[in-house]
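Biologist: I keep hearing words like "disulfide", "buried" and "core". Can you show me how such labels are earned?

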Amino acid sequence: MEFRPTLSILLHALLLFQFLSESRARDIAKDCDNMHGILKIQEKEQTSISPMEPLNSQLNIFFTPKDLNIGKKMPLFFAIKDPSTSPQLLSRKEADSIPFSSTNLPYLLDFFLFSKESPQAKAIEDTFFHCEISAMKGESKFCATSLESMLDWAKEILGHNTQLKVYTTDFIKKSPVTLQNYTILQKPKEILAPKIVACHTLPYPYAVFYCHMQKGENKLFKISLLGENGDRIEAAAICHMDTKQWNHDHVAFRVLKVQPGSSPVCHFFPADNLVWVPSSSM
């Protein structure tokens, strides 16, 4: 669900003239010190890679509906997230007081005290790319910089009078091991929902979520997994049933060794992603 549809970039002039104090900027920047590091999983999902490039272990998140059987064993990657070091979620008032646009990149780097050559600067630039690129055909997308803006957009897509329910990947028992073999413990539970809004974290000094909804048949699941070293995860996952419109170079096709349109593509959500559906969904 998290795909680069085109190479064109739409730049928005979001010129906001209320600014936080320098001390507040330092506090936010401190939360961003380690944000670049290893690329976010959703960024890798959106990126095509060379057939000669070795696959990164973090790409062990893809599977097909044929794998959804009790006892199926798969090598899977689940990152360990430390909430104390994760970028903080700002209020709408605070987030709206900071410009969020690539046109303001020089100002923002100065505001957050990052040099233009730093890995944090590259991460911020990548985030603007994901937020400002054109949506693919049949997709609606929005970058939320606050919980309020995320909920407003989810309701705009799912229905203004709709009560929302959120699904995530939950660690019941998790060791420091990020990649290991997991076994499906019981029949995966499908969450029947007419529409699904998925929100993925993007690297930024404060919490930013790339939220989108894709038309077509998409199936949401909660899957009970047992790791070979005893880890237990209740994982949220989605299956995209029609992949004909996807880029032929999409990394999922190489991981799964399938062609566009020949097979549905499924993937697990990282623990810090959010999936919104109407509360009546079962």
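Modeller: Here is how the labels on this chain are worked out. This is a predicted model, where local features need pLDDT of at least 70, side-chain atom pairs count only at pLDDT 80 or more, and totals for chains, interfaces and linings use all residues. Residues are numbered from 1 along each chain as its sequence is written, and side-chain values use heavy atoms, with hydrogens and water left out.

Biologist: Fine. What makes Cys 131 and Cys 143 a disulfide?

Modeller: A disulfide is a pair of cysteine sulfur atoms within 2.5 Å. The sulfur atoms of Cys 131 and Cys 143 are 2.0 Å apart, so the pair passes. By this rule the chain has 3 disulfides.

Biologist: Which parts of the chain does the pair of Cys 131 and Cys 143 tie together?

Modeller: Cys 131 lies in helix H5 (residues 119-132) and Cys 143 in strand S3 (residues 139-144), so the link ties together parts that are 12 residues apart in sequence. Helices (H or I, at least four residues) and strands (E, at least two) are DSSP runs, numbered from the N terminus. The chain has 7 helices and 13 strands.

Biologist: Why is Cys 131 called buried?

Modeller: Buried means under 20% relative accessible area, exposed over 50%, and partly exposed in between (1.4 Å probe, protein chains only). Cys 131 has 13% relative accessibility, so it counts as buried. Cys 143, at 14%, counts as buried too.

Biologist: How do you know that Cys 199 and Cys 211 are joined?

Modeller: Their S to S distance is 2.1 Å, so the disulfide rule is met. The torsion about the S-S bond is about 115°, so this disulfide is right-handed. Cys 199 sits in strand S8 (residues 197-202) and Cys 211 in strand S9 (residues 208-214), so parts 12 residues apart in sequence are tied together.

Biologist: And what makes the link of Cys 239 and Cys 266 a disulfide?

Modeller: Here the S to S distance is 2.0 Å, so that pair qualifies as well. The pair links distant parts of the chain, with Cys 239 in strand S11 (residues 232-240) and Cys 266 in strand S12 (residues 265-268), 27 residues apart. Cys 239 has a relative accessible area of 1%, so the label is buried. Cys 266 is at 0%, so the label is buried there as well.

Biologist: What is the pattern of the disulfides?

Modeller: Count the bonded cysteines along the chain and you get 1-2, 3-4, 5-6.

Biologist: Now H5. Why is this helix called mostly covered?

Modeller: 11 of the 14 residues of H5 are buried, so "mostly covered" fits. Among them are Ala 121, Ile 124 and Phe 128.

Biologist: How do you know that the span of H5 is close to the expected one?

Modeller: The expected span is 1.5 Å times one less than the number of residues. For H5, that gives 20 Å, and the helix reaches 20 Å from its first C-alpha to its last, so the two agree closely.

Biologist: Last one. What makes a group of residues a nonpolar core?

Modeller: A nonpolar core is a set of buried Ala, Val, Leu, Ile, Met, Phe, Trp, Tyr and Cys residues joined through side-chain atoms within 4.5 Å. The largest one here has 20 residues, and Phe 100, Phe 112, Ile 124, Tyr 204 and Tyr 206 touch the most other members. Helix H4 (105-111), H5 and S9 each supply at least two residues of this core. A second, separate core of 16 residues includes Phe 78 and Leu 225.
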